[in-house]
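This report covers one strand and its neighbours, two annotated positions and one helix. The sequence and model come first.

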Amino acid sequence: MHPSTDIPLTQRRAWSPTSWQSSPTHAQQVLYPPHTHPLLAITLARLADLPPLVNPSTIDTVRSNHAAAARGEAFLLVGGDCAESFDDTTDAIVGLKMDLLNRQAEVLERALGEKVPVHVTARLAGQYSKPRSQLMETLVDGRTVHAFRGHNVNGASAEDREPDPRKLLHGWWHALAVLHKLSSSLMNTDKKQRKPIYTAHEALHLPLETALTTPTTRYNTSAAFLWIGERTRQLDGAHLEYARGLRNPVGVKIGPTTTPEEVIAVLTLLSGPLDSKEGEERGEEGKVTLIPRLGVDKASIVLPPILRAIQASGLPAPVWMCDPCHGNTFAVDTGPENNGAVVKTRCPTTMLREVEQVIEVLGEFGVQLGGLHLEQTGEDVVECVDKGVLFLSSSSSSERYKSLCDPRLSGSQALEFVEKVAEMLVK
Ligand code: PEP
Ligand code: MN
């Protein structure tokens, strides 16, 4: 899936927010119908004129938090939806997500102590674009429609699947409303000073991300932290070409087939010079966050050669952030009560084992886990279950399966999960 690593850096062209346009997008671009192209162009121009959603000074703060996490002097908690819904831009739902993150941060801080501050980031205020394994979907009635690609692109219902450029602008206003809630609640009624909650999303929809990137200063002002997904991290691809120029810290998901050569090439690309003339200081530690999402029982096979190669390379240290979600997803048939609907789920105990294994393997190389990346919500949903199909097939549970995409830990599952991870971190 991921082609050759030998792209000579000296032959790279100068970076600009649009330089990715001459690299392949490897099939994840949104196929806007031709009749919407004029509207897409107008919408992107409008987005480029809007004020920053996140200030560059905040992005600089987050970048130094990531540098500290790469040195083992901070811990990064990232949590939120797989696919954020416009319908969830409510005071109550965003409030529940914030409360959960704050409580998780308190648990981690108690365990890690003052020397390792915890910084909190939500997959929120912009996590509206999704990659899909199949870009088109055939419905039970035989119709072929676009797959759901996130609320920035289309709707989850079969009737709303045509990509609509206007949704990009809706996404911006939803993000603004969520950011307002995140910042206005910093000073709570209980007068307790809250930690800032930074925001992150997958940098997937490149025309959108480009519109929200300042060309001269190279900040993507739509989020503090952006990551490139497992499906779009090809070395010759458009997504890494876009990400390499950003001043924001950048995450890269790494799956079970990732080779040490690929990781070295990714780190070199993202922390190397922008072009052969560029003299600016680049590539500080923590500029890149590696996000293994391997699946249980893979860490001890996949990670040691990668860790060895990084240590031998002399490249600036990345943050290691464990995503125990995406390698442990499986589909279950929810049975006749739900007309045989198939849903995706995850077992929290399996996910915890993956975290434990990643901590252990990193530890063997003297590296500390620098972050945890979870799909979660503060709501009382039933999406991840240890009892699997039996539980999901009860009708009361199926109403509580609300995710637009991957299954999330519920508020209580996610808090308990972090309590257990906190114990592992100080063992
Ligand atoms: C995600 O984080 O929702 C996602 C799609 O992850 P990955 O790229 O690791 O599959
Ligand atoms: Mn997901």
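How many bridges join strand β7 to β8, and in which sense do the two strands run? Five bridges join β7 (residues 250-254) to β8, and the two run parallel. The model is predicted, so local features need pLDDT of at least 70 and side-chain atom pairs count only at pLDDT 80 or more, while totals for chains, interfaces and linings use all residues. Residues are numbered from 1 along each chain as its sequence is written, with chains lettered from A and ligands numbered from 1 in the order in which they are written.

**Strand β8**

Helices (H or I, at least four residues) and strands (E, at least two) are DSSP runs, numbered from the N terminus. Strands pair if DSSP finds at least two bridges between them. Besides β7, strand β8 pairs with β9 (residues 319-322), in the parallel sense and over two bridges. One partner pair from each pairing is listed below.

| Strands | Bridge partners |
|---|---|
| β7 and β8 | Gly-251 and Thr-289 |
| β8 and β9 | Leu-290 and Trp-320 |

A residue is buried if 20 or more other C-beta atoms lie within 10 Å of its own, exposed if 12 or fewer, and partly exposed in between, with C-beta atoms placed from the backbone. Five of the five residues of β8 (288-292) are buried. In a regular strand the side chains alternate between the two faces of the sheet. Both faces of β8 are covered, with Val-288, Leu-290 and Pro-292 on one side and Thr-289 and Ile-291 on the other.

**Annotated positions**

UniProt, in an unreviewed entry, gives the feature "binding site" at positions including Arg-231 and Arg-293; such annotations may be inferred rather than shown by experiment. Arg-293 lies in the loop between β8 and α8. Arg-293 counts as buried because 23 other C-beta atoms lie within 10 Å. Contact means C-beta atoms, placed from the backbone, within 7 Å. Not counting residues up to four places away in sequence, Arg-293 touches residues including Glu-230 and Lys-253, which also carry the UniProt feature.

Arg-231 lies in the loop between β6 (225-228) and α6 (238-243). Arg-231 is partly exposed, because it has 19 other C-beta atoms within 10 Å.

**Helix α3**

Helix α3 (residues 91-112) reaches 31 Å from its first C-alpha to its last, close to the expected 32 Å, which is 1.5 Å times one less than its number of residues. Its buried residues include Val-94, Leu-101 and Leu-108. Among the elements covering the buried residues of α3 are β1 (75-80) and α12 (411-426).

Note on methods: Contact = placed C-beta atoms within 7 Å.
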